[in-house]
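Colleague: I am new to this structure and would like a close look at a single part of it. Please take me through that part slowly.

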Amino acid sequence: MKRVEGKVAVVTGGALGIGRESALLLARHGAKVAVTDINDEEGESVAREIAESGGTGKYWHLDTSREDSVARVFTEVAHEFGSIDILVNNAGIAGVNKPTHEITAEEWDTVLRININGVFYCTKHAVPYMQKAGGGSIINMSSIYGIVGAADLPPYHASKGAVRLMTKNDALIYAGDNIRVNSIHPGFIWTPLVEKLARESPEGLDAFRRGLDNRHPLGHVGEPEDIAYGVLYLASDEAKFITGSELVIDGGYTAQ
Ligand SMILES: NC(=O)c1ccc[n+]([C@@H]2O[C@H](COP(=O)([O-])OP(=O)(O)OC[C@H]3O[C@@H](n4cnc5c(N)ncnc54)[C@H](O)[C@@H]3O)[C@@H](O)[C@H]2O)c1
């Protein structure tokens, strides 16, 4: 059974990790997928993989921190695929990992520009298409770091907490338009983002990964597809009564 047949999905940060897996899964379930990213080589390769497996996908270069870029690409996507029904606000960066009093204003703003402003710009420019279509589903990638603190990555925590509440507020604003807005809160998922944190950690990659595994009651970090299935569910009509909710997919991390 194809769960999002005929719908048009925009996935930001679709070249790698969680975004890549979400784009592939949505396409496998019948969506026409706009794979968007700033990493053109990997983004093109995701679109190719979709096409080679019989799906519909196209890559667009899109820096979510630039409103002009978002507006232009969304116009092109709607022109190419007919509308926008699903928006996966996935693009995000970890940013600097220093205590708060050592962070420069520029380092702070860099994270917020992508992780918060990006979600704002993409939501702003997707909503009119969804209103015209009579509904839609917006999925915002927050984090367990949007729910609890971990004494690291201060601007990242700030940004993911903001995304959690932007989700609930937009869910209320657009409920009357039948646009559902939900957030997903992954635990640690082994992606290029986490691998980079591991490589840069003082204890080294293997010890870092073991430490992460141990922080999840299920005994290991997650895989991108664990999150992609949550995206697919929230994007589909199976979730038609779900809005303003936070889907925690974290191997038990925040249950402790
Ligand atoms: N991996 C985890 O453990 C984890 C946990 C919780 C939340 N998340 C969130 O999930 C999302 C995806 O994370 P990931 O681990 O797959 O990351 P990743 O670094 O593996 O992939 C992120 C993608 O976003 C793209 N990107 C970065 N800046 C961008 C910009 N300005 N415009 C467009 N694209 C941009 C990158 O090029 C990359 O392809 C992020 O929002 C992240 O904060 C990840």
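How many salt bridges does the rule find across the interface of domain 1 and domain 2?

Modeller: The model is a predicted one, and in it the rule finds zero salt bridges across the interface of domain 1 and domain 2. To place that interface, it helps to begin with the division of the chain: domain 1 is made up of residues 8-187 together with 223-251, while domain 2 covers residues 190-221. The C-alpha centres of domain 1 and domain 2 are 23 Å apart, and where the two meet, 13 residues of domain 1 are in contact with ten residues of domain 2.

The size of an interface is often given as the accessible area lost when the parts come together. For domain 1 and domain 2 the area buried between them is about 750 Å², with 67% of it on carbon and sulfur atoms. On the side of domain 1 that touches domain 2, seven residues are nonpolar, four are polar and two are charged. Although salt bridges number zero across this interface, the rule does find one residue pair in polar contact there, both residues being at pLDDT 80 or more.

The ligand can be added to this picture, since 29 residues surround the ligand, and the closest are D37, N90, Y156, I189 and T191. A polar side-chain atom of K160 lies 2.9 Å from an oxygen atom of the ligand, and a side-chain N or O atom of D63 is 3.0 Å from a ligand nitrogen. At L62, a polar backbone atom is 3.4 Å from a nitrogen atom of the ligand. Of the 820 Å² of accessible area that the ligand has on its own, the protein covers 93%.

Key
Residues are numbered from 1 along each chain as its sequence is written. This is a predicted model: local features need pLDDT of at least 70, side-chain atom pairs count only at pLDDT 80 or more; totals for chains, interfaces and linings use all residues. Side-chain values use heavy atoms; hydrogens and water are left out. Domain bounds come from an automatic or database domain assignment. Contact means heavy atoms within 4.5 Å. Buried area is the accessible area (1.4 Å probe) that two parts lose on being put together, summed over both. A salt bridge is a side-chain nitrogen of Lys or Arg within 4 Å of a carboxyl oxygen of Asp or Glu. A polar contact is a pair of N or O atoms within 3.5 Å; within protein, one must be able to donate a hydrogen and the other to accept it, and residues adjacent in sequence count only if both atoms are side-chain atoms. Ala, Val, Leu, Ile, Met, Phe, Trp, Tyr, Cys and Pro count as nonpolar, Asp, Glu, Lys and Arg as charged, and the others, Gly among them, as polar. A residue is near a molecule or strand if one of its heavy atoms lies within 4 Å of it. Accessible areas come from the Shrake-Rupley method with a 1.4 Å probe; for residues, only the protein chains shown count as cover.
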